[in-house]
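Subject: Structure handover

Hello,

Here is the structure you will be taking over. Please open it first, then read the notes underneath.

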Amino acid sequence: MAVFAPKTIFLFHAFILLAHYYDQTCPQAERIILQAVYNASMHDPKVPARILRMFFHDCFIRGCDASLLLDSTAGNQAEKDGPPNISVRSFYVIDDAKTKLEAACPHTVSCADIVGIAAKDVVIMSGGPFWNVLKGRKDGGVSKANETINLPAPTINVSQLIQSFAKRGLGVKDLVALSGGHTLGFSHCSSFESRLRNFSSVHDVDPTMNNEFAQNLRNKCPKPNRDTTAGELLDSTSSTFDNNYYKQLVAGKGVFGSDQALFSDYRTRWIVESFAKDQSVFFKEFAASMVNLGNVGVIEDGEVRLNCLVVN
């Protein structure tokens with residue numbers, strides 16, 4: 001029989017309390033957010049991937065406190081203007097939901113909770129699993145561009161990834177499951193072209209990469225490359241949330257070095273293989289890991305911003 005540590009029991013009770021956080025104060029909150037996300041996704045198919053990435057990039061810096069949404073000011077360069085976040089888009093979707101929520105139930109639903117709920121919505125809309133988003137996060141007031149250096153780069157190895165996730169209380173299984181969010185992703189050439197030419201003193205191309213796939217990417221990302229939009233889908237079924245991403249890693253067709261490394265390292269390879277073999281296992285673990293990620297750095301003494309772009 002499993003023995004739960006006191007902390008685990010606490011989190012379980014917190015789940016019971018916080019899953020229904022807005023039931024009395026703003027019962028229509030989730031419906032309003034879903035509508036905003038759905039409308040935007042109908043007009044722009046890139047919205048789901050962008051919202052999912054937004055949630056990850058927000059939670060990974062100061063915890064899930066919507067600090068990524070804050071605009072820079074004259075005296076401060078904010079997270080959204082840090083190099084890894086320049087390509088984070090679709091903030092307008094969160095702003096749209098916030099405007100409607102302020103009209104329906106003023107000063108009640110935090111921007112941090114909107115991002116968390118929207119991330120769940122885009123996964124479900126794309127064919128992925130459901131999970132209960134724990135609610136009650138408050139919005140943070142600090143956002144610094146230089147802290148975005150702590151986001152995992154697409155070039156780092158598994159030891160660095162494990163360390164980065166561990167600092168946020170996330171385990172190896174969380175790392176591999178959350179990397180599966182790349183099933184909805186796209187990357188520009190700049191994030192992976194170091195794998196295609198002059199990779200090392202011994203290999204011109206990253207030897208963990210499938211040869212045919214590498215040649216295909218070299219054609220898409222020539223040197224010099226004048227097409228700033230050139231790149232590659234991180235998963236060949238990129239508008240569907242599925243386990244194809246892991247199948248590609250098994251075949252040596254991971255786009256990022258950090259993704260392919262998950263299959264090359266004995267600590268993560270077995271998890272990649274289990275997710276590639278059984279999509280339902282991946283879905284179950286992804287849902288659990290999204291709850292874990294949503295618990296990172298939750299603040300209770302923050303505010304509920306009236307406008308997600310500025311502190312009150």
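Two residues count as being in contact when heavy atoms of theirs lie within 4.5 Å. By that rule, and leaving out residues up to four places away in sequence, Val 291 touches Trp 131, Asn 132 and Leu 134. Val 291 itself is part of helix H12, which covers residues 279-294. Pro 222 is another matter: 69 residues along the chain separate Pro 222 from Val 291, and their C-alpha atoms are 40 Å apart. Please keep in mind that this is a predicted model.

The two domains

The domain assignment splits the chain into domain 1 (28-151) and domain 2 (158-292). Their C-alpha centres are 23 Å from each other. To the contact between them, domain 1 gives 17 residues and domain 2 gives 15 residues. By the bounds of the assignment, Val 291 falls in domain 2, while Trp 131, Asn 132 and Leu 134 fall in domain 1.

What is the interface made of? About 1300 Å² is buried between domain 1 and domain 2, and 76% of that is on carbon and sulfur atoms. A search for salt bridges across the interface gives zero. For polar contacts, the count across the interface is two residue pairs, both at pLDDT 80 or more.

On the side of domain 1 that touches domain 2, helix H3 (47-62) and helix H5 (111-125) each provide at least two residues. H3 has the largest share there, with six residues. Sorted by type, the residues on this side of domain 1 are 12 nonpolar, five polar and no charged.

The annotated site

Which residues carry the "binding site" feature in UniProt? The record, an unreviewed entry, lists Thr 183, Thr 237 and Asp 242. These residues span 60 residues in sequence, but no two of their C-alpha atoms are more than 7.9 Å apart, so they gather at one spot. One of them, Thr 183, sits in the loop between helix H7 (172-179) and strand E1 (186-188).

Two backbone details

As background, most residues other than glycine have a negative phi, and most peptide bonds are trans. Two places in this chain are worth a look with that in mind.

The peptide bond between Lys 223 and Pro 224 is cis, with omega at about -10°. Pro 224 is found in the loop between helix H8 (211-220) and strand E2 (231-233).

Ala 66 is not a glycine, yet its phi is positive, near 60°. Where is Ala 66? It lies in the loop that runs between H3 and helix H4 (91-104).

Regards

Methods. Residues are numbered from 1 along each chain as its sequence is written. This is a predicted model: local features need pLDDT of at least 70, side-chain atom pairs count only at pLDDT 80 or more; totals for chains, interfaces and linings use all residues. Side-chain values use heavy atoms; hydrogens and water are left out. Domain bounds come from an automatic or database domain assignment. Buried area is the accessible area (1.4 Å probe) that two parts lose on being put together, summed over both. A salt bridge is a side-chain nitrogen of Lys or Arg within 4 Å of a carboxyl oxygen of Asp or Glu. A polar contact is a pair of N or O atoms within 3.5 Å; within protein, one must be able to donate a hydrogen and the other to accept it, and residues adjacent in sequence count only if both atoms are side-chain atoms. Helices (H or I, at least four residues) and strands (E, at least two) are DSSP runs, numbered from the N terminus. Ala, Val, Leu, Ile, Met, Phe, Trp, Tyr, Cys and Pro count as nonpolar, Asp, Glu, Lys and Arg as charged, and the others, Gly among them, as polar. UniProt positions are given in the numbering used here, feature names are shortened, and annotations may be inferred rather than shown by experiment.
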